[in-house]
Amino acid sequence: MTRAEAKERNRRALLDAAFEVVSRDGYRARLEEIAERADLTTGAVYSLFGSKNGLVVALVADHLRPYYEEIEQAVPAGLDLLEAVDAFARHYRRGCDAPDALARMSLQITLLDMALHDPELGSRLATSIRSQEEHLVALFAGRPHGGRTVTPHQAQRLTTALRALFVGLSQGVTLGLAPGADEQYFAAAARALASGMSEDPGEPTP
């Protein structure tokens, strides 16, 4: 094994261990236990990620990257905005039935709790999540809607609104609080949210 391969193996082991421990313990997660589960030392954490917070931020990016890659595949080019939002909503709803849906929701709630206890970590997590959401902004921008083309500014506003909508709905589905929220429900709610985008009072003046 080359040095680069060993480094990537250690990085992967720490991320997998952090997912288990952070999902369970939140801000109480002990760096020593994460390192022990990965069969490494805490020195490896500092070497690869700089700090415990650095490891948590990397964990979020690692968790979100394949998620956004799947969305890009589920929402093909050539669709108008409402069709793209519909496809995105249905994809998101199917994720609520995935075997790891409960673990993903647990991680979401845990990370929110950690951010509340550590403002510096919260700021870094917000930056990381916004960076990942640029994939969605790029996915929606440039699509036709209402006789116009969706601008990056409009796509950003829509992405923020859709995130809030789907996080709330998916938590309701996973907890059994929204029994009627099927794919059609998600799609209808998302399309209704996107349909008013042709008039955007927040659009910057050129």
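**Group meeting: helix packing and the main pocket**

Okay, so the protein has nine helices and two strands as its secondary structure. Keep in mind that this is a predicted model. If you walk along the sequence, the order of elements is α-α-α-α-α-α-α-β-β-α-α. For overall dimensions, the C-alpha atoms fill a box of roughly 60 × 45 × 35 Å along the principal axes.

I'd like to go through three helix pairs, and then the pocket.

Let's start with α4 and α7. Their axes are 10 Å apart and the packing angle is about 15°. An angle under 35 degrees counts as roughly parallel, so that is what we call α4 relative to α7. The crossing of α4 past α7 is right-handed. Who does the touching? On the α4 side you have Asn53, Gly54, Val56, Val57, Val60, Ala61, Leu64, Arg65, Tyr68, Ile71 and Glu72. Facing them from α7 are residues including Glu120, Leu121, Arg124, Leu125, Ser128 and Ile129. In terms of chemistry, this contact of α4 with α7 comes to 12 nonpolar, five polar and five charged residues.

Next up, α7 again, but now with α8. Here the angle is about 125° and the axes are 8 Å apart, so α7 and α8 are oblique to each other. This crossing is right-handed. From α7, the residues involved are Glu133, Glu134, Leu136, Val137 and Phe140. They meet Pro152, Ala155, Gln156, Leu158, Thr159, Leu162 and Arg163 of α8. Sorted by class, the contact of α7 with α8 has seven nonpolar, two polar and three charged residues.

Third pair: α8, which covers residues 152-174, and α9, residues 183-195. These two pack at about 155° with axes 10 Å apart, and they are therefore roughly antiparallel. α8 goes past α9 in a right-handed crossing. On α8, the contact uses Leu158, Ala161, Leu162, Leu165, Phe166, Leu169, Ser170 and Val173. On α9, it uses Tyr185, Phe186, Ala189, Ala190, Leu193 and Ala194. So what classes of residue does the contact of α8 with α9 have? There are 13 nonpolar residues, one polar and no charged ones.

If you're following on the structure, have a look at Leu158 and Leu162. On α8, both of them meet α7, and both also take part in the contact with α9.

Right, on to the pocket. The largest pocket holds about 1,200 Å³ of space. Its lining is made up of 45 residues, and the ones nearest the centre are His63, Leu64, Tyr92, Gln108 and Val167. Leu64 came up earlier, as one of the α4 residues in contact with α7.

Which helices supply at least two residues each to that lining? They are α1 (3-25), α4 (52-74), α5 (81-95), α6 (101-117), α7 (119-140) and α8. So what is the lining like chemically? It divides into 27 nonpolar, nine polar and nine charged residues.

To tie it together, the helices we've been packing against each other turn up here too: α4, α7 and α8 each give at least two residues to the lining of the largest pocket. That's what I have for today.

How values were computed
Residues numbered from 1 in each chain as written. Predicted model: local features only at pLDDT ≥ 70, side-chain atom pairs only at ≥ 80, totals over all residues. Heavy atoms only, no water. Axes fitted to C-alpha atoms, helices over the stretch in contact; angles between N-to-C directions. Helix = DSSP H or I, 4+ residues; strand = E, 2+ residues; numbered from the N terminus. Parallel < 35°, antiparallel > 145°, perpendicular 65-115°, else oblique. Left-handed = near helix turned anticlockwise from the far one by under 90°. Contact = heavy atoms within 4.5 Å. Nonpolar A, V, L, I, M, F, W, Y, C, P; charged D, E, K, R; others polar. 1 Å grid on protein atoms, 1.4 Å probe; cavity = no way out; pocket = protein on both sides within 12 Å on 5 of 7 lines; lining within 4 Å. Points joined across faces, edges and corners; volume = space filled by probe spheres on them.
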